[in-house]
Amino acid sequence: MERTHDKMKYRLADALKRCMKHAPLEKITVSGITEECGTTRQTFYRHFKDKYDLVNWYFDKILQESFEHMGEGRTIYEGLVNKFHYIQEERLFFKAAFKNDAQNNLRDHDFHLILAFYTERIEGKIGKKMPEHLRFLLEMYCQGSIYMTVRWVLGKIKGTPEEIAGSLVDAMPAELGEVFRSLELL
């Protein structure tokens, strides 16, 4: 059952991506997605609460793949490079999704995923909850990282995935960088 459930989710995501070739995300309707997919609105709502839920689900699937490459012994730089290559492969999707500022948007979703990922890495290595000051630096870094990622996706800054990843690592607050280095994550 789960495999069939995921197949339909991927079909809906593919339909959404086809719709994005012709219209911005805010103009795409659930009816348009289901028509493109050849299914019903009822089927759509069995899987997703709205089109933004679909966008976030698909984004999660792509990010899971990039985060899997950032296993033990890998650096933040390598993880970012992998993430940016995945984003580049799905550029049309990300460009349309990052343009949207609706309540359930991809920027916020990306922020929470990245913050949780780095928090788990740090706390897993130090074996305790990170200090509030370090959490503040991490949140600020993650927000800035997403802001610059969005600018890159939207074509407002240029660079290869490697160049953007390098710039983000270089921009890390010094104290946060020291923690990542001491934990062999940088």
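Here are three short exercises, with worked solutions, on the predicted model above.

Residues are numbered from 1 along each chain as its sequence is written, and side-chain values use heavy atoms, leaving out hydrogens and water. In this predicted model, local features need pLDDT of at least 70 and side-chain atom pairs count only at pLDDT 80 or more, while totals for chains, interfaces and linings use all residues.

**Exercise 1.** Work out which secondary structure the chain has.

Step 1: Take helices (H or I, at least four residues) and strands (E, at least two) as DSSP runs, numbered from the N terminus.
Step 2: Counting them gives ten helices and zero strands.

**Exercise 2.** Place Lys17 and find its side-chain partners.

Step 1: Lys17 sits in helix α1, residues 2-20.
Step 2: Its relative accessible area is 18%; buried means under 20%, exposed over 50%, partly exposed in between (1.4 Å probe, protein chains only). Lys17 is therefore buried.
Step 3: Look for polar contacts, pairs of N or O atoms within 3.5 Å; within protein, one must be able to donate a hydrogen and the other to accept it, and residues adjacent in sequence count only if both atoms are side-chain atoms. The Lys17 side chain makes one of 2.9 Å with that of Tyr58 and one of 3.1 Å with that of Glu90.

**Exercise 3.** Compare the span of helix α7 with its expected value.

Step 1: Helix α7 covers residues 106-126, 21 in number.
Step 2: The expected span is 1.5 Å times one less than the number of residues, here 30 Å.
Step 3: From first C-alpha to last, α7 reaches 30 Å, close to that expectation.
Step 4: Just after α7 comes Gly127, with a positive phi near 75 degrees.
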